[in-house]
Amino acid sequence: MGLGECLLGAAEARNVARVMRHGALFRYYGRGHQPSLGYVRRLEQQMARRHHLKYALGVSSGTAALEVALGALGVGPGDEVILPVWSWVSCFTAIVRLGARPVLAEVDDTLSLDPAEIDRLTTPATRGILVVHYQGVAADLNPILAHARRRKLWVLEDCAESLGASYHGRQVGTFGDIATYSFQQRKVITSGEGGMVLTSGARLYERAVRMSDLGLYRDEHRAIQPAGVTSFAGSNYRLGELAGAVGCAQFARVPPMIRHLRRLRAIMQRNVGVLPGLVWRRIPDPAGDLGFDSYFFLPTHAQALALKARAQARGVGLAPHTGTYCQYAREYCQSGATQAAQFSPFAGIRPWPGPGYREQDFPRTTDLVGRMVSVPLGALFTAADAAHVGRVIREELAPLLA
Ligand SMILES: Cc1ncc(COP(=O)(O)O)c(C=O)c1O
């Protein structure tokens with residue numbers, strides 16, 4: 001189960017019932033002469049405050065947030081965007097949907113973008129970097145930002161899996177030009193479907209609003225930031241009040257959830273102990289880790305598979321909370337197809353899949369994720385559960401490493 005999903009309860013039900021009684025499900029129109037209860041706006045304000053950023057915009061999903069953010073940045077045909085090959089479906093597809101070319105980069109032992117890849121992959125067409133803070137851990141932002149600034153590239157932080165994670169004392173999402181979140185079922189907080197875009201840039205905010213709301217910029221937004229951008233054709237990625245109501249209740253659960261998860265992780269790791277051959281994922285700032293999915297690497301793929309099978313036989317699942325795969329293994333990447341052939345950013349690459357989109361182009365990532373084991377801890381786990389998981393790993397792994 002997802003983290004926030006485990007905790008759905010009376011507070012969420014109360015908020016949803018209030019919206020239903022009031023009857024205004026749409027964010028902007030209210031009902032009759034009554035405005036909506038403003039849950040979406042409240043969630044935006046809470047997220048903006050948490051991040052010390054001026055602007056937050058609720059949207060219908062994390063995927064929509066990525067498309068809106070990329071659109072706000074002006075990404076389009078002919079542009080290239082660098083992203084980690086080990087990332088969620090829509091990190092790739094959102095770029096393609098805007099007609100730009102996703103350029104896949106190796107990850108390092110943080111399981112996020114290897115900063116050195118920026119220099120290797122930048123071309124005159126590169127516009128920006130999509131950084132993914134993978135499963136509760138901030139990417140190593142200092143070197144990433146240094147490379148990006150030197151090459152005058154923007155940085156989009158995809159924080160979908162890491163609400164509450166920080167890097168040297170600052171929340172993820174506050175380092176780049178623009179950031180996105182998801183409130184999908186498997187995330188830190190859920191609203192069923194939902195997402196958010198955050199930025200401190202007035203122009204980016206207005207463009208994001210117009211991308212998400214049919215090119216419009218309503219009075220509510222003009223009161224936040226006066227208009228300054230010509231309207232353009234946007235889509236409808238608005239977030240509704242029912243989702244906003246659930247999201248607001250979930251948001252209040254974040255601080256105790258993180259405290260609990262960090263405690264569980266420490267207990268689990270103590271029980272695993274030190275085993276020669278087991279190497280934990282490198283966490284660039286250990287103080288900012290959420291603690292819900294801990295990863296380690298073993299010397300071989302066979303040992304990783306064997307451990308998962310042995311732990312599963314004792315009722316301990318070691319599959320991560322997320323369905324992330326290497327992008328080259330996905331069907332849409334293998335086909336390279338787009339909804340209309342003339343829209344394809346891959347048109348010049350023949351035969352397909354070409355270099356940069358095949359398994360053999362990512363030896364380090366393929367090796368790392370093959371030897372990787374995930375230890376997912378849930379929001380409803382107890383200290384005894386975490387200790388048990390740690391002990392099972394130790395007992396099943398020690399003979400494999402002997
Ligand atoms: C890193 C990352 N980005 C984007 C998304 C997309 O979010 P959504 O499912 O809300 O569209 C997800 C998860 O689903 C994700 O894990």
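User: Before anything else, what is the radius of gyration taken over here, and what is the globule rule?

Analyst: The radius of gyration is taken over C-alpha atoms, and the globule rule is 2.2 Å times the number of residues to the power 0.38. This is a predicted model, and for its 402 residues a compact globule would have a radius of gyration near 21 Å; the protein chain has 21 Å, which agrees.

User: What box do the C-alpha atoms fill?

Analyst: Taken along the principal axes, the box filled by the C-alpha atoms of the protein chain is roughly 70 × 55 × 35 Å. Within the chain, the secondary structure comes to 15 helices and 14 strands, and 59% of the 402 residues count as buried.

User: And what share of the contacts joins residues at least 24 apart?

Analyst: Counting contacts between residues at least 6 apart in sequence, 71% join residues at least 24 apart.

User: What about the surface and the charges, how far apart are the mean positions of the positive and negative ones?

Analyst: The mean positions of the 45 positive and 33 negative charges are 5 Å apart. As for the surface, the accessible area of the protein chain is about 16100 Å², and 55% of it belongs to carbon and sulfur atoms.

User: Switching to the sheets, in what order do strands 11, 12 and 14 come?

Analyst: These three strands form an open sheet in the order 11-12-14, with antiparallel pairing. Strand 11 (279-280) and strand 14 (372-376) stand at the edges with a single partner strand each, so one side of each is left without a neighbour in the sheet.

User: How many bridges are there between strand 11 and strand 12, and between strand 12 and strand 14?

Analyst: Strand 11 is joined to strand 12 (residues 293-297) by two bridges, and V279 stands opposite F297 of strand 12. Between strand 12 and strand 14 there are five bridges, again in the antiparallel sense, and here S294 has V375 of strand 14 as its bridge partner.

User: Is strand 14 largely enclosed or left open, given its edge position?

Analyst: Although strand 14 is at an edge of the sheet, five of its five residues are buried, so strand 14 is largely enclosed by the rest of the structure. M372, S374 and P376 point one way from the strand, whereas V373 and V375 point the other way, and all are buried.

User: OK, helices now. Why is helix 8 described as largely enclosed?

Analyst: Nine of the eleven residues of helix 8 (residues 202-212) are buried, so the helix is largely enclosed by the rest of the structure. The buried residues include charged side chains by the usual count, among them E206, R207 and R210. The cover over the buried residues includes strand 1 (55-59), helix 4 (62-72), strand 9 (178-182), strand 10 (195-199) and helix 9 (219-224).

User: Which residues does E206 contact, and is E206 buried or exposed?

Analyst: E206, which has its place in helix 8, is buried, with a relative accessible area of 2%. Leaving aside neighbours within four places in sequence, E206 is in contact with Y217, P226, A227, G228 and V229. The C-alpha atoms of E206 and H221 are 7.9 Å apart in space, with the two positions 15 residues apart in sequence numbering.

User: What follows helix 8?

Analyst: Helix 8 is followed by L214, whose phi is positive, near 60°.

User: Which other residues have a positive phi without being glycine?

Analyst: H52 is one of them, with a phi of about 50°, and K152 is another, with phi near 60°. H52 lies in the loop between helix 3 (39-51) and strand 1 and is exposed, with a relative accessible area of 74%. K152 has its place in the loop between helix 7 (141-150) and strand 6 (154-158), and K152 is exposed as well, at 75%.

User: Where are the cis peptide bonds at P351 and P353?

Analyst: One cis peptide bond joins R350 and P351, with omega about -5°, and the bond from W352 to P353 is also cis, with omega near -5°. P351 is found in the loop between helix 13 (331-335) and helix 14 (363-370), and P353 lies in the loop between helix 13 and helix 14 too.

User: Last one, what does Q303 touch?

Analyst: Not counting residues up to four places away in sequence, Q303 touches L298, L400 and L401. Q303 is found in helix 12 (residues 301-313) and is buried, with a relative accessible area of 16%.

Key: Residues are numbered from 1 along each chain as its sequence is written. This is a predicted model: local features need pLDDT of at least 70, side-chain atom pairs count only at pLDDT 80 or more; totals for chains, interfaces and linings use all residues. Side-chain values use heavy atoms; hydrogens and water are left out. Helices (H or I, at least four residues) and strands (E, at least two) are DSSP runs, numbered from the N terminus. Buried means under 20% relative accessible area, exposed over 50%, partly exposed in between (1.4 Å probe, protein chains only). Contact means heavy atoms within 4.5 Å. Accessible areas come from the Shrake-Rupley method with a 1.4 Å probe; for residues, only the protein chains shown count as cover. The place of a charge is taken as NZ of Lys, CZ of Arg, CG of Asp or CD of Glu. Two strands pair if DSSP finds at least two bridges between them.
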